[in-house]
Amino acid sequence: MRRALELAQRAALDGEVPVGALLLLDEEVIGEGWNQPIVSHDPTAHAEIVALRAGAQRQRNYRLARTTLYATLEPCAMCMGAALNARVSRVVFGAWDQKAGACGSVIDLPREPKLANRIDVFGGVCSGESAALLRHFFETRR
């Protein structure tokens with residue numbers, strides 16, 4: 001999670017919402033990303049999506065079984081949908097997102113019984129640091 005926090009700080013330096021993510025397979029980082037929708041003119045360039053894309057390219061496979069996705073903020077529906085479709089095994093995140101979180105805050109995609117895939121989810125890891133980054137970012141923009 002420490003590396004994800006560093007990536008979130010990189011996003012903030014670019015004027016992006018400070019969210020960082022990385023994808024691990026057997027304790028090896030195979031993808032990492034930070035929020036980039038503004039600079040890339042791409043609404044899908046959330047940190048998690050960037051990390052998943054990098055991991056899929058490295059693995060040469062769109063299925064990412066046995067991987068763990070770390071993110072500094074609770075993933076949104078788009079990012080959780082991508083993780084589910086990629087067959088990510090586990091998601092670990094920092095701060096809860098009461099406005100767009102899809103792991104229990106607003107909706108709970110990983111536990112939706114109608115979906116075929118399941119992901120183990122662990123929230124609140126380094127939540128204080130993740131929330132502080134976000135809070136500072138938005139306070140300076142007001």
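Analyst: A residue is buried when its relative accessible area is under 20%, and exposed when that area is over 50%. The model discussed here is predicted.

User: Is Pro110 buried or exposed?
Analyst: Pro110 sits in the loop between β4 and β5 (120-123). The cut-off for a buried residue is under 20% relative accessible area. Pro110 has 2% relative accessibility, so this loop residue counts as buried.

User: Which residues does Pro110 contact, leaving aside its neighbours within four places in sequence?
Analyst: A contact requires heavy atoms within 4.5 Å. One partner of Pro110 is Met80, which belongs to helix α4. With neighbours within four places left aside, the full set for Pro110 is Met80, Ala102, Cys103, Arg118, Ile119 and Val121.

User: How far apart are the C-alpha atoms of Pro110 and Met80?
Analyst: Along the chain, 30 residues separate Pro110 from Met80. The two are nevertheless in contact. Their C-alpha atoms are separated by 7.5 Å.

User: What is the relative accessibility of Met80?
Analyst: Met80 lies in helix α4. Not counting residues up to four places away in sequence, Met80 touches Pro75, Val91, Ala102, Cys103, Leu109, Pro110 and Ile119. The C-alpha atoms of Met80 and Ala102, 22 residues apart along the chain, are 6.7 Å from each other. Met80 counts as buried because its relative accessibility is 0%.

User: Which residues of helix α4 are buried?
Analyst: Helix α4 covers residues 77-86. In an α-helix, residues three or four places apart point the same way, because there are 3.6 residues a turn. The cover over the buried residues of α4 includes α3 (47-59), β3 (67-73) and β4 (90-95). The buried residues of α4 are Cys79, Met80, Ala83, Leu84 and Ala86.

User: Which residue with positive phi follows α4?
Analyst: Most residues other than glycine have a negative phi. The residue after α4 has a positive phi, near 70 degrees. That residue is Arg87.

User: Which elements give two or more residues to the largest nonpolar core?
Analyst: The largest nonpolar core has 27 residues, and those with the most contacts inside it are Leu23, Leu64, Leu69, Met80, Val88, Val91 and Ile119. The elements giving two or more residues to this core are β1 (20-25), α3, β3, α4 and β4.

User: How many residues are in the second, separate core?
Analyst: Leu22, Leu24, Tyr70 and Val92 are among the members of this second core. The size of that separate core is 9 residues.

User: With which residues is Val88 in contact, leaving aside its neighbours within four places in sequence?
Analyst: Val88 is among the residues with the most contacts inside the largest nonpolar core. Its partners beyond four places in sequence include Arg118 and Thr67. The full set for Val88 is Leu23, Leu52, Leu64, Thr67, Leu69, Ala83, Arg118 and Ile119.

User: What is the relative accessibility of Glu27, and is it buried or exposed?
Analyst: Glu27 is in the loop between β1 and β2 (28-34). Phi of Glu27 is positive, near 65 degrees. At 78% relative accessibility, Glu27 counts as exposed.

User: What is the relative accessible area of His41?
Analyst: His41 is placed in the loop between α2 (37-40) and α3. The phi of His41 is positive, near 55 degrees. His41 is exposed because its relative accessible area is 72%.

User: What radius of gyration does the chain have?
Analyst: The C-alpha trace spans about 40 × 30 × 30 Å along its principal axes. Buried residues make up 46% of the 142 residues. A compact globule with 142 residues would have a radius near 14 Å, so the chain agrees with its own value of 14 Å.

User: Which pattern of helices and strands does the chain follow along the sequence?
Analyst: The secondary structure comes to 5 helices and 5 strands. Of the contacts with a separation of 6 or more, 56% join residues 24 or more positions apart. Read along the sequence, the pattern is α-β-β-α-α-β-α-β-β-α.

User: How far apart are the centres of the positive and negative side chains?
Analyst: The chain exposes about 7600 Å², of which carbon and sulfur atoms supply 51%. There are 17 positive and 16 negative side chains. The centres of these two sets lie apart by 4 Å.

Methods
Residues numbered from 1 in each chain as written. Predicted model: local features only at pLDDT ≥ 70, side-chain atom pairs only at ≥ 80, totals over all residues. Heavy atoms only, no water. Buried < 20%, exposed > 50% of the residue type's maximum accessible area, 1.4 Å probe, protein only. Helix = DSSP H or I, 4+ residues; strand = E, 2+ residues; numbered from the N terminus. Rg over C-alpha atoms; globule rule 2.2 N^0.38 Å. Areas by Shrake-Rupley, 256 points an atom, 1.4 Å probe, with all protein chains shown as cover. Lys, Arg positive; Asp, Glu negative; His and termini not counted. Charge placed at Lys NZ, Arg CZ, Asp CG, Glu CD. Core = buried A, V, L, I, M, F, W, Y, C linked by side-chain atoms within 4.5 Å.
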